[in-house]
Amino acid sequence: MSLAMPERRLEKLSPSAARHRPWSPERGHALLLLPPLLLLVAFFVIPLADVVLQSFAGPGHPLTQYERIFTQSSTLQVLLYTFQTAATVTLCTLVLSYPVAFVVSRAKGNLLHLSLALILIPFWTSTVIRTYAWIVILQRRGVLNEMMLDWGWIERPLKLMSNGVGMQIAMIHIMLPFMVIPLLNTMRGIDGNLLRAAAVLGANPLRQFLSVYLPLSLPGVSAGSILVFISSLGFYITPALLGGQKTMVAVLIEQQASRLLDWPMASALATVLLVVTCLLFLLYERAMRFARGGKTVGEVS
Amino acid sequence: MTDPRLWRILSYGILAFAVLVLIYLVLPTLVIVPLSFSSETFLSFPPPGFSLQWYDAFAQSLDYRIAILNSVKIGLPAALFATVFGTLAALALVRGHLPGRRLLSALMIAPLILPQIVLAIGLFPIMVKLGIIGSYAGILLGHTVLAMPLVFITVAAALKSYAPTYELAAMTLGANRWNTFRFVTLPMIKPGVIVGFIFAFAFSFDELILAIFLTNPATRTVPRLLWEHLNYQMTPVIAAATVVLLVITLSMLAIAAVYARTGARKPSGAAS
């Protein structure tokens, strides 16, 4: 709250100050950035730096926690499982999303609005709510088991909630919009004439797709994949409720911090997650720049 | 060799697949709706009978009432702050020519991308030191930081949708910076700002992980209450509460969509 004072003064200052100086449309914009930047530094950058510092604290030499992470088979397994799950979820959402984005990108009018609504409604539905729905569907006496029992497909209810299968199904469902939206953005920018040109030159639809459409849609594929992969790595709600014995790293961090009160360990795990996410975020940024400047790919150094 | 009929069948196959995926996207969530009208205590499907008892229990529940009030008390100011800060950042980074613009833009979006658990672990000790752990101020600041990128993205998109020559024209005609913003920029980006505000509110209303770390039972929000109920007692009251929340979220989305559409029309109308 103490931040509010100097910010307000800056806002008042910038227009009047600009009047007396040589005129330039860009003047004063740097000052506008100050309040959001201060907020981010105070409650985003400093907390994250604190996490990294905390990970070196605690008894023993600074790298004790990291040694524990990479030598204890249980934590190492959680990390590996997290990466494996994130990869599986990313691949499955990509396979499911690509045809959807393709079809929707060619839709027009009301059909387009309807399909966009179908994609955006789940996007804005609470993850807690969507995970709850999956519990209802997947639990031992849940919708799916009851239905399959009624139809005689199975003899006994399947255990879908303790082995990570249910968790992955739910995560794929929750992540789908994050894949469809970037794909859709890229595909809507692809010039249909290029495909027609390929057809005129004698390429069959498969060839048109493989050598024209697919390469042009790759920026969307990479942007969506990185986004889904990052989000899956840090996923907490669904693994906590549906994971059963299989734990993901975010759940482990929460357990270490609030149940075992092992703050250095939680910080070290969070730092690992932070570093991986930052690296992937840089990749994402690059992919997005590619996606946006689709026509000037050659100019991007 | 190329049989056009084969390609047509294939294209219908892709269409059918896409329709199935769209159904998969929406259907699971709707399972909750019949459940909320169930006459049974257990999660049984299909529900054996119809009753409104869970909605009644939801309406009577003091816990839910307090949680909804908390969510609004936290969500509205958080969305407001996020809107002001996000708009400032978008103005500075889209209209200004700052050095390191790309890096700063990445920093503005970063809170949205970073796993919230990491920020929660980092914010907790700081909020303890500041003495605002468990208070409205603590969670409000956290949600402001997390929701700011949403406003930044929508407002930056709005700013990029028209040329800065409008502002140049106003300034050439003698408008100062504030008047240029008030009478030219703000009307142009208003739909983006409003959509950003709605997104920010919806985000805060749904956010769970910071709420787990930064709120206490007196300030807990709806997602945290739902979370606690999911972990300890699973009654169809959750289903009733969920359906109510779903309706609220969807109506907010509808409002946002209407604003976005009128906004998309206005600048193009003004440009022609």
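Trainee: Does E254(A) count as buried or exposed?

Mentor: In this predicted model, the relative accessibility of E254(A) is 6%. Because the cut-off for a buried residue is under 20% relative accessible area, E254(A) counts as buried.

Trainee: Which side chain meets that of E254(A) in a salt bridge?

Mentor: The contact runs from N to O at 3.2 Å, and it falls inside the limit for a salt bridge, which is within 4 Å. The partner is exposed, with a relative accessible area of 57%, while E254(A) is buried. The side chain that meets E254(A) is that of R259(A).

Trainee: With which side chain does R68(A) meet in a salt bridge?

Mentor: The N to O distance for this pair is 3.0 Å, and R68(A) itself is partly exposed, at a relative accessible area of 29%. The partner is buried, with a relative accessible area of 18%, a value that lies under the 20% cut-off. The side chain that R68(A) meets is that of D262(A).

Trainee: How many residues apart are R68(A) and D262(A)?

Mentor: The salt bridge between R68(A) and D262(A) links distant parts of the chain. R68(A) belongs to helix α3 (residues 64-71) of chain A, whereas D262(A) sits in the loop between α12 (249-259) and α13 (263-292), and the separation is 194 residues.

Trainee: In chain B, which side chain meets that of D63(B) in a salt bridge?

Mentor: The two side chains come to 3.5 Å, N to O. The pair links distant parts of the chain, with D63(B) in helix α4 (residues 62-95) and its partner in the loop between α10 (209-214) and α11 (222-232), 157 residues apart. D63(B) is partly exposed at 35% relative accessibility, whereas the partner is buried at 14%. That partner is R220(B).

Trainee: Which residues are linked with D63(B) and R220(B) in a network of salt bridges?

Mentor: The pair of D63(B) and R220(B) does not stand alone, for both belong to a network of salt bridges. The other residues linked in that network are R224(B) and E228(B).

Trainee: What is the relative accessible area of R196(A)?

Mentor: R196(A) lies in helix α9 (residues 192-200) of chain A, and together with R106(A), K108(A) and R188(A) it forms a positive surface patch. Residues in such a patch need over 30% relative accessible area. R196(A) is exposed, and its relative accessible area is 55%.

Note on methods. Residues numbered from 1 in each chain as written. Chains lettered and ligands numbered in written order. Predicted model: local features only at pLDDT ≥ 70, side-chain atom pairs only at ≥ 80, totals over all residues. Heavy atoms only, no water. Patch = residues over 30% accessible without salt bridge, like charges linked within 9 Å, V, L, I, M, F, W, Y side chains within 5 Å. Areas by Shrake-Rupley, 256 points an atom, 1.4 Å probe, with all protein chains shown as cover. Lys, Arg positive; Asp, Glu negative; His and termini not counted. Charge placed at Lys NZ, Arg CZ, Asp CG, Glu CD. Helix = DSSP H or I, 4+ residues; strand = E, 2+ residues; numbered from the N terminus. Buried < 20%, exposed > 50% of the residue type's maximum accessible area, 1.4 Å probe, protein only.
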